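This report looks at one protein chain, moving between selected local sites and the fold as a whole. Please keep the sequence and the model open while reading.

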Amino acid sequence: MSIRETGETGAYPDLEIGHRETWAVGIPAILKSMGPALRDMGPVRTAQLMTSMNQKGGFDCMSCAWPDPDHRSPAEFCENGAKAVTWEATPVTVPRSFFAENSIDDMLGISEYELGLLGRLTEPMYRAKGASHYVRVTWDNAFSIVADKLSGLASPDEATFYTSGRTANETAFAYQLFVRAFGTNNLPDCSNMCHESTSLALNAVIGVGKSTIAYEDFARSDLIIVMGQNPGTNHPRMLTALEEAKRNGATIIGVNPLPEAGLIRYKNPQKVRGIVGHGTELADQFLQIRSGGDMALMQATSKRVLDAEAAAPGTVLDHAFLADHSVGLEEFSAHIAKLDDAAVLAATGLTTDELDEFAARYLAADRVIITWAMGLTQQKKSVETLKELINLLLLRGNIGKPGAGASPIRGHSNVQGDRTMGIWEQMSDTFIDALGKEFSFEPPREHGADSVATVEGLRDGAIKVFFALGGNFVSAISDTAVAEAAMRGAEMTVQVSTKLNRSHAVIGDEALILPTLGRTEIDLQATGPQFLSVEDSVCAVHATHGRVAPVAPGLLSEVAIVSRLAQATIGDRYGIDWVGFERDYDIIRDHISRVVPGFESFNDDVRRKGGFILPNGPRDERRFDTAVGKAMITVNELEHLERPAGRLILQSMRSHDQFNTTIYSLNDRYRGVKNGRDVVFVNPDDLTELGLSDGQRVDIVSEWPGEPDRELRNVRVVSYPTAKGCAAAYYPEANVLVPLASSADESKTPVSKAIIVRLEPARVGSGAETPV
């Protein structure tokens, strides 16, 4: 994101605000999907890719981890999936002249969106210390530069190794093996910034930090509660599963501070009713909850469940399940009986009638799924909130039976698989023991740096080398100014990437860009074409095969890059066959089969059409591998998020034409925004109270005790039906407002859904600036 001088019209002079939509997908989604694909890739490349995307024997979409049904349609992709493929598989490449003509400072003046439009990276590029430009280097030189730097560090812990969730299983396993063989557990990843709270909460109380449902459970459910997520934009294929559930008689409840089109009505473009008809009404009830109020909602509902049981003993709770499979009910019941109803109303912003209706719907359903995303995980009390969500499910036995369970939805295609493969700064002793036994070395055991600790380490000089396998770390992490200053303090930064982004311009003393193959491209190695594998949000593992020729000769796969870097850095230490890893990915899978539970027959299982499902104790046999051997109903203290007078609670969010930090266009169709991103959505009643007006330009100022205010300058106010007292702005622009110290208890996930801000009239004409 560049910093541009702005005047009264802001950074986007063509910004338009129209009406918001009350339905999602339909014909517009087809046009928005296929238009750019045909224009940018041509009909042949488009046909090759779109007909094989998310198909058995095809390639997995890189834009989310939504699972695939057993019976797939001919077009098993969504609008944003098509855009992600078009973005990656474009034949346009960055010319060598770009780096000769543009210095690092020049690159800083190019927006994130415009950098991506330049095309695919094709050659290793190096910025030497003190140089103003990147220059081309050979692959051998690039690996030598990195290896020499790593080998010269006083301690392996002076380097950190970041991972994007788009990295496949085989790459992730080889990468974490290299890092641990090098001698550190500094393995931050994108999960630190999104679902880390899920992993910690669920691991603690049910023994697995993953979903407890299968894909087909959606169609079997009586009630699906969708919390803190916007499926119409972030995982549109979920709408098909919700439509099927609705047509099978399920009730759907949406819980979110903003009304989102994808939870109101869905026009399925593969059904006649979605083309010419009204489509399918989805949410039977919409709770417009105040940001940070989800924990109070869960507790209030559990209290109503327990009250119903007290009124009709033996008829409401699943006593057999609770007796056989859980602990903690008595303590929880005593605690929740003291819940302050006034505190619940203040925390949620809901009415008693709305809470009663929600609880009544829960009590009427025999099979309940609760599904969630970052709206729940990026709160200060997110771990406790998710424990309360599990409490509610456990009370009526809604885990481990068809059509019921906990369903976190991951936002990267393989962020869950990366964690399974060992990408975590605090892997269990069981995993470390198995890894050490397989490769005959003693891996480090001291926990390493997560994403926040990585920024702190760079800032304080404790971390000197930052290596990123994919992603766009400086744009993704909180506290943009602090993060960028920290990154510039590094001695070396290295980015493995398909396209340019902000992280290639915010660099250390030395910097390298290592271009890599994309998910869509054929990966030809010495033993023939290779395939990779991914794990989706419901623990299904399946293969992904590249379908088109690489965009340029000489590109290396991520596996090859990791293997060659390992050879250059640690060589024959421990006798690990890095050369074999690159030649034949089956060798990596054989090692995985002896290290990672559930992958015992990996090479055979992954070749089955459709792949295989990993074992899951809670889902498969109501087995809970917790500290006490049972599911744990826990006591959590409700903490009300106070909103000082004249302030709002801001959340960051994606636009529709966006995948994480990648901006596909400057439009947000469902919310009525066109040709711009410098906006803040505010409830009209709040505007009146604050003395502001729709269309006015304001500075967003965040407040954090003991620290200077942070500012996002000169954004346009959009009057919008957000929850009262709440506002919303786009990610990653709003990251500048999130203090590095503002992170979730236990998980350290940045608190991007509960930022206390004030809105001030923009200081236009005096150097006002807006990140874009």
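In which loop is Pro-732 found? In this predicted model, Pro-732 is found in the loop between β31, residues 726-730, and β32, residues 755-761.

## The cis peptide and its loop

The bond between Tyr-731 and Pro-732 is a cis peptide bond, with an omega of about 5°. The loop between β31 and β32 also holds Lys-748, a residue other than glycine whose phi is nevertheless positive, near 65°. With a relative accessibility of 28%, Lys-748 counts as partly exposed, because partly exposed covers the range between under 20% and over 50% relative accessible area.

## Arg-677 and its surroundings

Arg-677 is placed in the loop between β27 (673-674) and β28 (679-682), and at 4% relative accessibility it counts as buried. From Arg-677 to Pro-732 there are 55 residues in sequence, while their C-alpha atoms are 10 Å apart in space. Leaving aside residues up to four places away in sequence, Arg-677 touches Tyr-730, Tyr-731, Pro-732 and Glu-733, and its list of contacts also includes Tyr-12, Ser-655, Gln-658, Ile-663 and Leu-666. Both partners of the cis peptide bond, Tyr-731 and Pro-732, are thus among the residues that Arg-677 touches.

Two polar contacts of the Arg-677 side chain can be given with their distances. One, of 2.7 Å, joins the side chains of Arg-677 and Glu-733, and another, of 3.0 Å, is made with the side chain of Ser-655.

## Thr-661 beside the same cis bond

Thr-661 lies in the loop between β25 (658-659) and β26 (662-663), and it is buried, with a relative accessible area of 8%. Its contacts, not counting residues up to four places away in sequence, are Glu-112, Asn-472, Ser-475, Ala-476, Tyr-731 and Pro-732; Tyr-731 and Pro-732 are the residues joined by the cis peptide bond. A polar contact of 3.2 Å links the side chain of Thr-661 to that of Asn-472. By contrast with these contacts, Thr-661 and Arg-273, which are 388 residues apart in sequence, have C-alpha atoms 34 Å apart in space.

## A positive phi at Asp-479

Asp-479 is not a glycine, yet it has a positive phi of about 55°. The residue is found in the loop between α23, residues 473-476, and α24, residues 480-488. Is Asp-479 buried or exposed? With a relative accessible area of 3%, Asp-479 is buried.

## Ser-497 in strand β16

Ser-497 has its place in strand β16, which covers residues 492-497, and with a relative accessible area of 5% it is buried. The side chain of Ser-497 makes a polar contact of 2.8 Å with the side chain of His-504. Apart from residues up to four places away in sequence, Ser-497 touches Leu-121, His-504, Leu-514, Pro-515 and Thr-516.

## Helix α27 and its cap

Helix α27 runs over residues 585-595, and its buried residues include Tyr-585, Ile-588, Arg-589, His-591, Ile-592, Ser-593 and Val-595. An α-helix has 3.6 residues a turn, so residues three or four places apart point the same way. At the N-terminal end, α27 is capped by Asp-584, one of whose side-chain oxygens lies 3.0 Å from the backbone nitrogen of Asp-586.

## The chain as a whole

The protein chain has 30 helices and 33 strands, and its C-alpha atoms fill a box of roughly 75 × 65 × 55 Å along the principal axes. For 772 residues, a compact globule would be expected to have a radius of gyration near 28 Å, and the 25 Å of the protein chain agrees with that expectation. Of the 772 residues, 64% count as buried. Among contacts with a separation of 6 or more, 79% are between residues 24 or more positions apart.

The accessible surface of the protein chain comes to about 25700 Å², with 51% belonging to carbon and sulfur atoms. The chain carries 75 positive and 101 negative charges, and the mean positions of these two sets are 4 Å apart.

Note on methods:
Residues numbered from 1 in each chain as written. Predicted model: local features only at pLDDT ≥ 70, side-chain atom pairs only at ≥ 80, totals over all residues. Heavy atoms only, no water. Helix = DSSP H or I, 4+ residues; strand = E, 2+ residues; numbered from the N terminus. Rg over C-alpha atoms; globule rule 2.2 N^0.38 Å. Buried < 20%, exposed > 50% of the residue type's maximum accessible area, 1.4 Å probe, protein only. Contact = heavy atoms within 4.5 Å. Areas by Shrake-Rupley, 256 points an atom, 1.4 Å probe, with all protein chains shown as cover. Lys, Arg positive; Asp, Glu negative; His and termini not counted. Charge placed at Lys NZ, Arg CZ, Asp CG, Glu CD. Polar contact = N/O pair within 3.5 Å; in protein donor to acceptor, adjacent residues only side chain to side chain.
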